[in-house]
Amino acid sequence: MTDKKNETIEAARQIIISLGLPRAQQNERSALSLLALLNLTPDKPWSRAENPLIGTTPIMDWAREHYGKEYAPNTRETVRRQTLHQFCEAGVARCNPDQPDRPTNSPKTIYQIEPAALELLRSFETRHWHDKLAAYLAVRETLIARYAKERAQNRIPVEIAPGQQITLSPGAHSELIRAIIEDFAPRFAPGSVLVYAGDTGDKWGYFDAALLAKLGVNVDSHGKMPDVVLHFTKKNWLLLAESVTSHGPVDGKRHAELAKLFASSKAGLVYVTAFPNRAIMGHYIGEIAWETEVWVADAPSHLIHFNGVRFLGPYQSGS
């Protein structure tokens with residue numbers, strides 16, 4: 001790597017330190033990500049920094065093309081979770097400024113340098129840098145609070161009990177989770193209590209681990225949890241529901257995983273796959289496991305029983 005490339009990367013790293021980002025982001029990976037967000041190639045002065053809309057993989061490609069840094073494809077999540085996420089939290093960059101309600105885990109997610117940060121960085125290596133840095137840091141917390149409020153406004157509210165709400169990350173997956181809780185549960189498990197609701201953003205939006213433990217299930221990791229768990233107290237059933245918008249019905253493999261995870265449950269287990277509509281259900285009809293239930297959000301008063309020997313209810317092993 002040429003001296004000029006190294007100098008620019010080091011300058012970006014020093015800027016990251018000056019902006020107060022944690023030590024874990026004070027590295028070459030974050031420096032190159034910042035340079036990509038600015039489209040600052042080694043031959044350009046900081047005054048010509050730009051503000052393109054750019055995704056995680058394009059950032060990695062940009063670093064290879066302009067600075068000769070090779071990243072393995074599996075580094076993508078590290079760049080996203082250990083650099084870009086922190087840039088957004090610090091107000092240095094914005095996530096999906098073109099479409100704030102884009103799902104958190106969308107492959108179309110893009111980032112852009114925040115306007116005030118862009119103005120500041122264009123002054124780097126000029127006599128105005130120090131004064132502009134001081135002024136920027138003085139108002140940065142206000143910027144962070146404003147953008148956090150904007151993100152919160154795009155979250156999906158879900159009523160989990162009368163007068164009680166949680167919010168989930170935006171996207172079709174979360175919309176279907178809301179429908180399971182607000183439309184499916186009152187119809188087919190009236191009076192049920194929400195135990196768990198997943199979220200694409202922070203993985204869980206709600207988890208009453210104490211209630212689940214009382215029912216005999218201790219879960220150390222939520223990684224294999226279904227999208228929604230409801231306790232139908234009247235019948236003492238646990239309804240394990242999967243929200244399917246692009247992948248993952250309760251097929252044979254998933255049925256076995258959930259059966260193992262909830263094997264110690266004192267409540268009967270009911271497996272439910274939820275689809276937003278019948279068109280999407282049609283893509284997965286051949287994968288759905290027997291002895292499970294299917295619910296379609298656009299026909300909320302109907303339930304499809306795979307086996308049909310009885311109405312909604314738990315099946316005993318071997319029955």
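## A look around β10 and its neighbours

C88 has a relative accessibility of 10%, so this cysteine counts as buried, the cut-off being under 20%. Please keep in mind as you turn the structure that this is a predicted model.

Let us stay with the cysteines for a moment. How many disulfides does a search of the whole structure find? The search of the whole structure comes back with zero disulfides. C88 takes part in no disulfide, and the cysteine sulfur nearest to it, that of C95, is 5.2 Å away. C95 is likewise in no disulfide, with the sulfur of C88 as its nearest cysteine sulfur at 5.2 Å. Because a disulfide needs two cysteine sulfur atoms within 2.5 Å, a separation of 5.2 Å leaves C88 without one. C95 counts as partly exposed, at 35% relative accessibility.

Now for the chain as a whole. The secondary structure of the protein chain amounts to ten helices and eleven strands. Of its 319 residues, 46% are buried. If you take contacts between residues at least 6 apart in sequence, 56% of them join residues at least 24 apart. The protein chain exposes about 15,900 Å², and 51% of this area is supplied by carbon and sulfur atoms.

Strand β10 is a good place to zoom in. It covers residues 292–296 and is mostly covered, with five of its five residues buried. Which residues point one way from β10, and which the other way? T292, V294 and V296 point one way, E293 and W295 point the other way, and all are buried. This fits a general pattern: in a regular strand, side chains alternate between the two faces of the sheet.

β10 has strand partners to trace as well. Strand β9 (residues 268–275) runs parallel to β10 and is joined to it by four bridges. Across this pairing, T273 stands opposite V294. Together with helix α10 (residues 278–284), β9 and β10 make a right-handed β-α-β unit. With strand β11 (residues 303–306), β10 pairs in the antiparallel sense, again over four bridges. Here W295 has L303 of β11 as its bridge partner. The two strands β10 and β11 form a hairpin, with six residues between them.

Just before that strand comes a backbone detail worth a look. E291 lies in the loop between α10 and β10, and its phi is near 60°, a positive value in a residue other than glycine. N39 also has a positive phi, near 50°, without being glycine; it sits in the loop between α2 (28–38) and α3 (56–67). As background, most residues other than glycine have a negative phi.

Finally, the aromatic rings. A search of the whole structure finds nine aromatic pairs. One of them joins F232 and W237 in an edge-to-face arrangement, 5.7 Å centre to centre with 80° between the planes. The angle counts as edge-to-face because it is over 60 degrees. Elsewhere on your aromatic tour, W46, F124 and W129 form one cluster.

The table gathers relative accessible areas for some of the residues in this report.

| Residue | Relative accessible area | Class |
|---|---|---|
| C88 | 10% | buried |
| C95 | 35% | partly exposed |
| N39 | 21% | partly exposed |
| E291 | 24% | partly exposed |
| F232 | 4% | buried |
| W237 | 12% | buried |

Technical notes: Residues numbered from 1 in each chain as written. Predicted model: local features only at pLDDT ≥ 70, side-chain atom pairs only at ≥ 80, totals over all residues. Heavy atoms only, no water. Buried < 20%, exposed > 50% of the residue type's maximum accessible area, 1.4 Å probe, protein only. Pairing = 2+ DSSP bridges. Right-handed = clockwise from strand over helix to strand, strands pointing away. Contact = heavy atoms within 4.5 Å. Areas by Shrake-Rupley, 256 points an atom, 1.4 Å probe, with all protein chains shown as cover. Phe/Tyr/Trp six-rings, centres within 6.5 Å; stacked < 30°, edge-to-face > 60°.
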